[in-house]
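Good morning, everyone, and thank you for making the time. I would like to walk through one model with you, beginning with strand pairing and then turning to charged side chains.

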Amino acid sequence: MSAPVICFGQQPSGFFPKRFLVSKIFTARKLQKEIGGEIVFFYHDSDHDPRETQTILRHRKTDEAAKLNFTFANKIQRKFSPLYLKRIPDDWQAKTKAQLPNYVDHGLINLFGNVEADNVSEFCLSLYSKMGLLEGIKVVRSSDHELRRAATEVNEFFVDVPYQGEIVRARYGDTFKLHEGGDVYIDLPKVPITKEQISPTRDSRLKWMQSVLKCTHYVSGAGEQQYLNKDDAPEIQYVTRDIIERADEAYTELV
């Protein structure tokens with residue numbers, strides 16, 4: 001019998017990770033102590049929504065919540081480029097670091113200042129690692145071309161394609177569509193694509209991921225469990241992550 005593979009999935013979720021992501025990590029570690037096996041973080045950095053990296057911090061004196069986020073090279077990058085290709089302007093890290101003493105202690109500020117990364121995905125992953133959260137955990141990225149080549153075909157997906165000098169993530173259909181907001185879309189002409197350009201939608205993600213990772217257990221929040229199509233992977237044991245207070249806020253402790 002093969003060893004358990006305990007997975008959880010998440011987009012880059014703030015430069016300091018959201019607390020619900022850390023709860024998934026802790027729940028996976030607790031399960032690993034019980035049953036053994038390997039922990040795999042399915043890092044969904046193919047997503048393009050800039051709201052995923054919003055970071056909510058509490059002021060150390062007033063306890064007032066503040067929403068911080070990356071800035072991006074241009075509007076197309078911000079709205080449409082996948083997170084692994086969203087470039088960080090040169091001055092963003094220094095400007096953000098100057099604000100952090102209001103919210104976190106010097107240990108975290110130093111870790112933040114020592115990150116060397118020029119895109120959103122790399123920055124988040126590097127800081128999570130420096131915080132000690134990823135020790136002993138295998139990270140598999142949805143942007144990885146090898147993984148994309150190995151993944152099964154799905155009916156609903158996005159494609160990374162060129163648009164106005166950038167790479168954007170467009171919904172595949174009769175045309176390639178970029179969502180401007182509301183009912184407004186930008187239609188791009190269809191061109192030949194390869195598997196290396198494909199990433200899944202929310203509804204096809206589990207099937208796509210599982211075709212490669214072959215996980216035995218999947219840790220997720222109650223909300224995620226509601227939209228997961230478990231019929232796509234009935235062999236998985238689904239585990240609800242532990243409850244954590246202020247789940248959408250940033251985790252600002254060192255492990």
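Let me begin with a single pair, Lys177 and its bridge partner in strand 9, which is Asp187. Before going further, I should say that this is a predicted model, in which local features need pLDDT of at least 70 and side-chain atom pairs count only at pLDDT 80 or more, whereas totals for chains, interfaces and linings use all residues. Residues are numbered from 1 along each chain as its sequence is written, and side-chain values use heavy atoms, with hydrogens and water left out.

The pair I just named belongs to the pairing of strand 8 with strand 9 (residues 184–188), which is antiparallel and extends over 5 bridges. Strands here are DSSP runs of E with at least two residues, helices are runs of H or I with at least four, and both are numbered from the N terminus; two strands pair if DSSP finds at least two bridges between them. Strand 8 and strand 9 form a hairpin with 2 residues between the strands, and in that hairpin Gly182 has a positive phi near 60°.

On its other side in sequence, strand 8 (residues 176–181) is joined by 2 bridges to strand 7 (residues 166–172), again running antiparallel. Here Tyr172 has Phe176 of strand 8 as its bridge partner, and the hairpin made by strand 7 and strand 8 has 3 residues between them.

Now to the charges. The structure contains 17 salt bridges, a salt bridge being a side-chain nitrogen of Lys or Arg within 4 Å of a carboxyl oxygen of Asp or Glu. One of them joins Glu249 to Arg58, at 2.8 Å from N to O. This pair links distant parts of the chain, since Glu249 sits in the segment after strand 12 (237–240) and Arg58 in strand 3 (residues 55–58), 191 residues apart. Glu249 counts as buried at 9% relative accessibility, while Arg58, at 31%, is partly exposed; the cut-offs are under 20% relative accessible area for buried, over 50% for exposed and partly exposed in between, using a 1.4 Å probe and protein chains only. Both residues also belong to a network of salt bridges that links Arg58, Asp63, Arg246 and Glu249.

A second example is the salt bridge between Asp160 and Arg148, at 3.1 Å from N to O, which connects strand 6 (residues 157–163) with helix 6 (residues 145–150) across 12 residues of sequence. Asp160 is buried at 6%, and Arg148 is buried as well, at 1%. For Asp91 and Lys95, whose side chains meet at 3.0 Å from N to O, the setting is another one: Asp91 is partly exposed at 37%, and Lys95 is exposed at 54%.

Which side chain of opposite charge is nearest to Arg205? That is Asp47, 4.9 Å away, and Arg205 is buried yet has no salt bridge; for this purpose Lys and Arg count as positive and Asp and Glu as negative, with His and the chain ends not counted. Leaving aside residues up to four places away in sequence, Arg205 touches Gln11, Phe42, His44, Pro200 and Tyr227, where contact means heavy atoms within 4.5 Å.

Arg205 lies in helix 7 (residues 205–213), whose buried residues also include Leu206, Trp208, Met209, Gln210 and Leu213. After helix 7 comes Lys214, with a positive phi near 55°.
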